[in-house]
Number of protein chains: 2
Amino acid sequence: MKFKPLENLDEQVAEYLSNRIIRGQLSPGERILETKLARELGVSRGPIRAALRILENKRLVKLVPRRGAQVSELSVSFIDRLYDILIELLALATRKAVQNRTRKDLTPIRRSLSKIEACALKGDTYDYYNAIFEFFVVEIEAAKDPLLARLLRDLEPSARRIQFASLARRKEDLKRNVVYFQDAVKYIEAGDPILADKVIRAYAQNEKEFALNNTRTHIKK
Amino acid sequence: MKFKPLENLDEQVAEYLSNRIIRGQLSPGERILETKLARELGVSRGPIRAALRILENKRLVKLVPRRGAQVSELSVSFIDRLYDILIELLALATRKAVQNRTRKDLTPIRRSLSKIEACALKGDTYDYYNAIFEFFVVEIEAAKDPLLARLLRDLEPSARRIQFASLARRKEDLKRNVVYFQDAVKYIEAGDPILADKVIRAYAQNEKEFALNNTRTHIKK
DNA sequence: TTACTGTCAACTGTTGACAATTTACAAAAT
DNA sequence: ATTTTGTAAATTGTCAACAGTTGACAGTAA
């Protein structure tokens, strides 16, 4: 049996809030009251405050001194800017994955591609996007760059949040999208950083445009 | 007179520690004891812990659950990876600056170029690098992208730390470096994102190589 | 000597209380 | 009606105390 590294309350609370924000159960702009949340979760305010700091780094909440925390907005311009950055960082990660991957890294990459393909076939939108995030996780693993990994991990919840907001409309998109990942794996296997970079950029760009066109109803500005 | 936004203790402590780490007054690997620091600064452990979370995001300290905080290491591979990311993000910021700048943005950009030139002429290495950071700050301001601005701001202390560690050897480098910024401003004024991108990439690449060759003595691995 | 085990001091994790600040709201003035 | 001012309640900031965990080290057994 594998014992957990005994997460402290900070991270547990952060995880809990993170999920609720991503799923839209907490709406943009909504205030998060420390006292109230502490009562609800049965912990003191200390861990709550630490959790809010964690979420601020992931851009899920906005922290204003002496005015507390609120769920961050999901504006068009934010989506725009997030994907601009994601395009560059994912492309960089892909190039690094091509260069630094060992043979062992290929196994999980191929496995997550299969998962993507399977979900696309079944039309299971929710799991499909989970599989895509998993793909990037293993790709980043292969890139052997902890700093880049962490930056991307910090941006991941925002990406998830955006995708969740447009999940309903994504069904027909699946099969068209799979091609990107099939190509990406092909070039990662072949060791071609330029084409792999290009494919991932194209995917992220496509994702960006889809998000911009399909989250309008959920967001503020 | 301009009143401060009444910083809370969290940020003041973070600022204090940040400076000490950047200047090498706290050495890599050194533990930071909450209780001791709290006594030294005359505050309780609450703000200290919050400050440590802030510094963790800036990668200045490493936080291990139940084992406290220690000053992060400055390894060759970290420098390598940091600049890889900086190259992409600064290039992106530069392109955005070219596209989104107003006429008003040009004034501080030109002013900080003058400062760079003046410091290079005087051979004032320390202020020279301050001026360079200032240049990027105003450039990012012109790029009109708060998300990108924040990512870069989070990485800034690490870059400063690296540059501080190799400051002594940088004197002869100054005049050669100025050209990059003169060119960058030229292309920003002319509205040429491709060449501006290229210049900044070249600068950052150059900076990276210099750092890698001149911080060896200060770092661990 | 070397490896194990138990104990203790030093820390971090968590809490509840108190102080300072902000917000909401009602009353007064324009 | 609209703005201003004053006051109370709600909320965040800070602290100090207690609980739980970790790491070091001395003592014991091989």
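This report covers a predicted model of two protein chains and two DNA strands.

**Chain A: fold and dimensions**

Chain A holds nine helices and three strands. Along the sequence their order is α-β-α-α-β-β-α-α-α-α-α-α. The C-alpha trace spans about 55 × 45 × 30 Å along its principal axes. The radius of gyration of chain A is 18 Å, and a compact globule of 221 residues would have one near 17 Å, so the two values agree.

Of the 221 residues of chain A, 36% count as buried. Long-range contacts carry much of the fold. Take the contacts in chain A with a separation of 6 or more: 76% of them join residues 24 or more positions apart.

**How the two copies relate**

Chain B superposes on chain A by a rotation of 180 degrees, with 0.0 Å of shift along the axis and an RMSD of 0.0 Å. The two copies are therefore related as by a two-fold rotation axis.

The contact between them takes 18 residues from chain A and 17 residues from chain B. On the chain B side, α3 (45-57), α4 (76-100) and α7 (146-165) each give two or more residues. Helix α4(B) provides the largest share, eight residues. By class, this side of chain B has 10 nonpolar, two polar and five charged residues. Of the interface residues of chain B, 100% are also interface residues in chain A, so the copies meet through the same surface.

**The DNA surfaces**

Which residues come nearest to DNA strand C? Out of 17 residues around the strand, they are L9(A), S44(A), G46(A), E34(B) and G68(B). Both chains thus appear in this list. Three helices each supply at least two residues of the surface near strand C: α1 (9-22) and α3 (45-57) of chain A, and α2 (34-41) of chain B.

DNA strand D also has 17 residues around it, and G68(A), L9(B), V43(B), S44(B) and G46(B) come nearest. Here the helices that each supply at least two residues are α2 (34-41) of chain A, with α1 (9-22) and α3 of chain B.

The table sets out the leading helix for each strand.

| DNA strand | Helix with the largest share | Residues from that helix |
|---|---|---|
| strand C | α3(A) | three residues |
| strand D | α3(B) | three residues |

By class, the surface near strand C has seven charged, five polar and five nonpolar residues. The surface near strand D has seven charged, five polar and five nonpolar residues.

**The nonpolar core**

In soluble globular proteins, nonpolar side chains tend to be buried together. The largest nonpolar core in this model has 92 residues. Which members touch the most others? They are L86(A) and L86(B). Leaving out residues up to four places away in sequence, L86(B) touches L155(B), A159(B) and A204(B).

**I162(B) in helix α7**

I162(B) sits in helix α7 of chain B. Is I162(B) buried or exposed? It has 25 C-beta neighbours inside 10 Å, so I162(B) counts as buried; the cut-off for buried is 20 or more. Setting aside neighbours within four places in sequence, I162(B) is in contact with L74(B), I79(B), A211(B) and T215(B). R201(B) lies 39 residues from I162(B) in sequence, and their C-alpha atoms are 18 Å apart.

**A positive phi in each chain**

Most residues other than glycine have a negative phi. R59(A) is not a glycine, yet its phi is positive, at about 60 degrees. R59(A) lies in the loop between α3 and β2 (61-64) of chain A. With 18 C-beta neighbours inside 10 Å, R59(A) counts as partly exposed.

Chain B has a like case. R59(B), also not a glycine, has a positive phi of about 65 degrees. The loop between α3 and β2 (61-64) of chain B holds R59(B). R59(B) has 18 C-beta neighbours inside 10 Å and so counts as partly exposed.

Note on methods
Residues numbered from 1 in each chain as written. Chains lettered and ligands numbered in written order. Predicted model: local features only at pLDDT ≥ 70, side-chain atom pairs only at ≥ 80, totals over all residues. Near = placed C-beta within 6 Å. Helix = DSSP H or I, 4+ residues; strand = E, 2+ residues; numbered from the N terminus. Nonpolar A, V, L, I, M, F, W, Y, C, P; charged D, E, K, R; others polar. Rg over C-alpha atoms; globule rule 2.2 N^0.38 Å. Buried ≥ 20, exposed ≤ 12 C-beta atoms within 10 Å, placed from the backbone. Contact = placed C-beta atoms within 7 Å. Least-squares fit on C-alpha atoms with pLDDT ≥ 70 in both. Core = buried A, V, L, I, M, F, W, Y, C linked by C-beta atoms within 7 Å.
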